[in-house]
Amino acid sequence: MRFIETLKLAVAAIWAHKLRSALTLLGMIIGVAAVVVVVSLIQGFNAYIDEKIANIGAKSYTVGRFSMEDFKDTDAVAAAQRRNKELTLEDYEFLKSRLTLTDKFAAGARPQRAQIKRGTELLEEVAVDGKEPLLADIEKLDIADGRFFTEVENNEASRVAFIGSDVAEKLFPAGDAVGGEIHINGLSYRVVGVRTAKGTVFGMPQDTFVTLPLLTYRRNFGALRNWRSLYFQGTARDDKQFENAVDETRQWMRIRRGLEKGEKDNFGIFTPDSITGLRDRLFGTIFIVAIAVPAIALVVGGIVVMNIMLVSVTERTKEIGIRKALGARRADILKQFLVEAVTLSAIGGSVGVMIAWGLGRLVSAMLIPTYLSLTAVAVAVTVSGAIGVAAGIFPAWKAARLDPIEALRAD
């Protein structure tokens, strides 16, 4: 018996009991849709972290006062605050003059909240930070209008500012922010550039900020410590040497701090891998549970398919007897019911994927981007088909072993 004929029989049997088939498919549809939605959410979340937070692709590292391990609990935080000293511009000059595997190296300072004003327009609690000009290249800054500040402007502590798109829109509603003046805590600054809009990260706006040259920031806001603490950022001369560049920076910092062998670092170095590693440690178990729970619905769907196929075998006992009497082999009967179970499950899997795609688009529009890969779709449909095989094998085997004489006597 050709496969195409078996498939036609399977589709005809499913179509003959439309309501029953639809109810049978419901469990499979819900299971597949739930699993695919969760997978697309996880993939989207990971991509979101990589792009927005870890800055994957930039291949830069950051030296700061604290490390990831310093935040594992309250005791660790308290110990790190006692142990780790603030970074200084002297530390920066020490490293900058000695690093050989680092290409670009620059300093920045954490933001402080301030009031920004232009005319009658007023913005409260805007993040104002300081950066060296080279950080624009290290961070691969996207500039929508104007430019970033220069080394001369930084060295002279010029009152110039680079602003976020939200600040530009609110303070300069008519446009042409570049060249305009804003006031920060009573001092005037000339806007030299506007960054391309970045949107939000977990609902937090990324475009409400003002960046000043680092030395301007220090002169007008005070010493670079506590909330205005320094950090250093660098890139390797070669991506293949990235880990070596990070290790070199760590060793020079240990020498600068006078740390003995075996003594714990009293500073931190952040890399994209360390951030994604933290993400995996924090959310790895959650992700596994998040996939496992909806997967239970797939198992339930498979049980429902098996149950319906057993009912179908009982209902069609006489049909099986007639087919065997006309020469159908056990393999033909087995194949017929197995293909019917797989077809039923595959239809449920396909519908579940389409529903998951629609839900993913909705979540992307309202919350965070989701990512539905072709691999996830293929795996979902394959798994649903495999569950169909597992659910259909026993009913098909039972149908194939029916005695044709006994089957023909069935009512």
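Here are legends for close-up views of a predicted model.

**View 1. Helix H4 and what its buried side packs against.** Helix H4 spans residues 89-96. Its buried residues are Leu 89, Asp 91, Tyr 92, Phe 94 and Leu 95. Look around them and you'll find two helices, H8 (214-221) and H9 (242-257), packed against these residues. Two strands pack there as well, namely E2 (102-118) and E11 (230-236). Hang on to Asp 91, one of the buried residues of H4, for the next view.

**View 2. A salt bridge between H4 and H9.** Here the side chain of Asp 91 meets that of Arg 257, with 3.7 Å from N to O. Both partners are buried. What does the pair tie together? Asp 91 sits in helix H4 and Arg 257 in helix H9, so the bridge joins parts that are 166 residues apart in sequence. H9 is also one of the elements that the buried residues of H4 pack against.

**View 3. Asp 265, Arg 254 and their network.** The side chains of Asp 265 and Arg 254 form a salt bridge, at 2.5 Å from N to O. Arg 254 belongs to helix H9, while Asp 265 is in the loop between H9 and strand E12 (268-270), and the two are eleven residues apart. Is Arg 254 buried or exposed? Its relative accessibility is 12%, so Arg 254 counts as buried, the cut-off for buried being under 20%. The story doesn't stop with this pair: Asp 247, Arg 250, Arg 254 and Asp 265 are joined into one network by salt bridges that share partners.

**View 4. The Glu 139 and Lys 131 pair.** This view shows another salt bridge, where the side chains of Glu 139 and Lys 131 meet at 3.0 Å, N to O. Lys 131 has a relative accessible area of 13%, so Lys 131 is buried. For the wider picture, the salt-bridge count comes to eleven.

**View 5. Helices H12 and H13 packed together.** Two packed helices are described by the angle between their axes and the distance between the axes. In this view, H12 covers residues 330-366 and H13 covers residues 374-400. Their axes are 7 Å apart, and the packing angle is about 150 degrees. How do the two run relative to each other, parallel or antiparallel? Roughly antiparallel, because angles over 145 degrees count that way. The crossing of H12 and H13 is right-handed. As for who's in the contact of H12 with H13, the residues divide into 18 nonpolar, six polar and one charged.

Definitions and conventions
Residues are numbered from 1 along each chain as its sequence is written. This is a predicted model: local features need pLDDT of at least 70, side-chain atom pairs count only at pLDDT 80 or more; totals for chains, interfaces and linings use all residues. Side-chain values use heavy atoms; hydrogens and water are left out. Buried means under 20% relative accessible area, exposed over 50%, partly exposed in between (1.4 Å probe, protein chains only). Helices (H or I, at least four residues) and strands (E, at least two) are DSSP runs, numbered from the N terminus. Contact means heavy atoms within 4.5 Å. Axes are lines fitted to C-alpha atoms, for helices over the stretch in contact, and angles run from 0 to 180 degrees between N-to-C directions. Angles under 35 degrees count as roughly parallel, over 145 as roughly antiparallel, 65 to 115 as roughly perpendicular and the rest as oblique. A crossing is left-handed if the near helix is turned anticlockwise from the far one by less than a right angle, and right-handed if clockwise. Ala, Val, Leu, Ile, Met, Phe, Trp, Tyr, Cys and Pro count as nonpolar, Asp, Glu, Lys and Arg as charged, and the others, Gly among them, as polar. A salt bridge is a side-chain nitrogen of Lys or Arg within 4 Å of a carboxyl oxygen of Asp or Glu.
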